[in-house]
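Please open the model in your viewer and keep the selection tool at hand. This tour moves from one selection to the next and says what is there each time.

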Amino acid sequence: LVDGATVIASSETKVPLIFKVQKGEQTVVVVNLDPTQGDFFLSPWFPILVYDTAVHLAGRDEELPSVSATGNVVTLPRSGDASTVTMPSGQVFSGSSLTVDQPGIYTAEVEGKHWIFGAAVLNESESLMPLVTGLKSPSAIESGFPLAVWLLFIALMTLCVETLLYHRRKAG
């Protein structure tokens, strides 16, 4: 391990898996693991790790979330007097925090920087929408059988047809 390194994650045996090294103005994040072992690249944490590392190295740690559930309060980064948010309806809001009550794309101008974030009707258990007055509870967006059920059905039908054809050939 390099002197002055900050360990972000370590294994059970105290081997540093992810650590950050800074020398002067340059910062490097070292990932000390084999992503192919254990299929880590198939894990949902892999793109999150890559994204968070890239955002940190780019110096945009205070970035707004890319999407929020309707009803959430979004706090603008380093907000001062020069912060305006254009809502999906076209209304302009000034302030340091905003309750996103309309689904759509929001654009914010904060101290000369341009930010884009969205609001969507997410799963009811993940949303604060019922707590916000005047908004109805979301209905299910997905309907029908999941893709896995259809694939299972197709596999069973193929198996039945293959079995019938096999036994027909053996008997006849």
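Begin by selecting residues 137–141, where pLDDT (the predictor's confidence in each residue, from 0 to 100) stays under 50; for this stretch the model has 7 contacts, meaning heavy atoms within 4.5 Å, beyond four places in sequence. Next select residues 126–135, over which the pLDDT is also below 50, and which have 16 contacts in the model beyond near neighbours in sequence. Where pLDDT is low, the predicted coordinates should not be read in detail.

A word on how to read the rest: this is a predicted model, in which local features need pLDDT of at least 70 and side-chain atom pairs count only at pLDDT 80 or more, while totals for chains, interfaces and linings use all residues. Residues are numbered from 1 along each chain as its sequence is written, and side-chain values use heavy atoms, with hydrogens and water left out.

Now colour the whole chain by pLDDT: the mean is 75, and 77% of the residues reach 70 or more. Among the elements, strand E4 (residues 67–69) has the lowest mean pLDDT, 75, whereas helix H2 (residues 147–171) has the highest, 87. The chain has 2 helices and 10 strands, where helices (H or I, at least four residues) and strands (E, at least two) are DSSP runs numbered from the N terminus.

Select strands E1, E2 and E3, which form an open sheet in the order E1-E2-E3 with antiparallel pairing; two strands count as paired if DSSP finds at least two bridges between them. Strand E1 (6–10) and strand E3 (26–31) stand at the edges with a single partner strand each, so one side of each is left without a neighbour in the sheet. Look closer at strand E2 (residues 16–23), which pairs with E3 over 6 bridges in the antiparallel sense, and find valine 21 opposite valine 28 in E3. Add helix H1 (residues 45–58), which packs on this sheet and touches E2 and E3; the direction of H1 makes about 165 degrees with that of E3, angles running from 0 to 180 degrees between N-to-C directions of axes fitted to C-alpha atoms, for helices over the stretch in contact.

Move on to the sheet of 5 strands, which is open, has mixed pairing and follows the order E4-E10-E9-E6-E7. Its edge strands are E4 and strand E7 (92–94), each of which pairs on one side only.

Which strands does a hairpin with 2 residues between them join? Select E9 and E10, which form this hairpin, and in the turn find glutamate 111, with a positive phi of about 50 degrees. E9 and E10 run antiparallel and are joined by 7 bridges; in E10, tryptophan 115 stands opposite alanine 108, and glycine 118 stands opposite isoleucine 105. Strand E6 (residues 83–86) pairs with E9 over 4 bridges, again in the antiparallel sense, and the partner of threonine 84 in E9 is glutamate 109.

Finally, show the side chains of Val85, Leu98, Val100, Tyr106, Ala108 and Phe117, which touch the most other members of the largest nonpolar core, a group of 13 residues. Such a core is a set of buried Ala, Val, Leu, Ile, Met, Phe, Trp, Tyr and Cys residues joined through side-chain atoms within 4.5 Å, and buried means under 20% relative accessible area (1.4 Å probe, protein chains only). Strand E9 (104–110) and strand E10 (113–120) each supply at least two residues of this core.

Terms used:
Buried means under 20% relative accessible area, exposed over 50%, partly exposed in between (1.4 Å probe, protein chains only).
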